[in-house]
Amino acid sequence: MSRIGNKPVEIPAGVKVENDGKQIKVEGKAKLAIDIPPHVAVEIKDGKVFVSEADDAREASAMQGLARSLINNMVIGVTTGFKKELAIIGVGYKASLSGTKLQLSLGFSHGIDYQLPEGIKATVTQDGHIIIEGCDKRLVGEVAAEIRGFRPPEPYKGKGIRYVDERIVLKEGKSVG
């Protein structure tokens, strides 16, 4: 029995949730939809979404918690949205935005042009931060991880792209003995 899956998801004002048996559709500031995982039944009543186990399969409890979390993330996404912030650390490392293309200069012999997917908005601040925003939590995290992957922080000086709340433990350099 899933503790997370048993909690109902509150539907705030201005958000519309539909269940057609195979898909859950959430509509607010944006439209999001997911397929209902197997072994799960979803019911909408009294302004709440209830997720329950459809059968006695072994993985039904895990699927119940997964479905509930995905539906909750969609409701949060269409009301407030999700945001990740990246910091660019290093001399000469910089980012700029032109339309939906993020241009990164990260010390390579060439610049990196990253095309932002549909539904993702990026902002580049003066102090070297990239703010990624969107309604889909999975997509926001994936885009942030891809951008970080272009130049992850190195362990000696800490140069590279990192999450703002990420803590990098720096190694000690060589010592002359």
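## Working through a predicted model

Of the 177 residues in the protein chain, 33% are buried (buried means under 20% relative accessible area, exposed over 50%, partly exposed in between, with a 1.4 Å probe and protein chains only). This is a predicted model, where local features need pLDDT of at least 70 and side-chain atom pairs count only at pLDDT 80 or more, while totals for chains, interfaces and linings use all residues. Residues are numbered from 1 along each chain as its sequence is written, and side-chain values use heavy atoms, with hydrogens and water left out.

### Exercise 1: the overall build

Task: describe the secondary structure and the dimensions of the protein chain.

Solution.
- Begin with the elements: the protein chain holds 3 helices and 13 strands (DSSP runs, H or I of at least four residues for helices and E of at least two for strands, numbered from the N terminus).
- Next, take the extent: the C-alpha trace spans about 65 × 45 × 25 Å along its principal axes.
- Then check the radius of gyration: the chain has 21 Å, whereas a compact globule of 177 residues would have one near 16 Å (taken over C-alpha atoms; the globule rule is 2.2 Å times the number of residues to the power 0.38).
- Finally, look at the contacts (heavy atoms within 4.5 Å): of those between residues at least 6 apart in sequence, 50% join residues at least 24 apart.

### Exercise 2: an aromatic pair

Task: find how the rings of Tyr114 and Phe150 are arranged, and which parts the pair ties together.

Solution.
- Start with the rule: rings of Phe, Tyr and Trp (its six-membered ring) pair if their centres lie within 6.5 Å; planes under 30 degrees apart count as stacked, over 60 as edge-to-face and the rest as tilted.
- By this rule there is 1 aromatic pair.
- Its members are Tyr114 and Phe150, and the pair is edge-to-face because the ring centres are 5.8 Å apart and the planes lie at 70°.
- Now place them: Tyr114 belongs to strand S10 (residues 112–115) and Phe150 to helix H3 (residues 137–150), so the pair ties together parts 36 residues apart in sequence.
- For accessibility, Tyr114 counts as buried at 10%, while Phe150, at 26%, is partly exposed.

### Exercise 3: Arg68 and Asp35

Task: is Arg68 buried or exposed, and which residues is Asp35 in contact with, leaving aside neighbours within four places in sequence?

Solution.
- Arg68 sits in helix H2 (residues 60–79). With a relative accessibility of 12%, Arg68 is buried.
- Beyond neighbours within four places in sequence, Arg68 is in contact with Ile4, Gly5, Lys7, Pro8, Val9 and Val51.
- Turn to Asp35, found in strand S4 (residues 31–35). Asp35 is exposed, at 56%.
- With the sequence neighbours set aside as before, the contacts of Asp35 are Lys22 and Gln23. Gln23 is 12 residues away along the chain, yet the two C-alpha atoms are separated by 4.4 Å.

### Exercise 4: positive phi values

Task: where do His39 and Asp46 lie, and what is the phi of His39 and of Asp46?

Solution.
- His39 is in the loop between S4 and strand S5 (40–45). Its phi is near 70°, a positive value in a residue other than glycine, and His39 is partly exposed at 24%.
- Asp46 is in the loop between S5 and strand S6 (48–53). Asp46 has a phi near 55°, also positive in a non-glycine residue, and is exposed at 73%.
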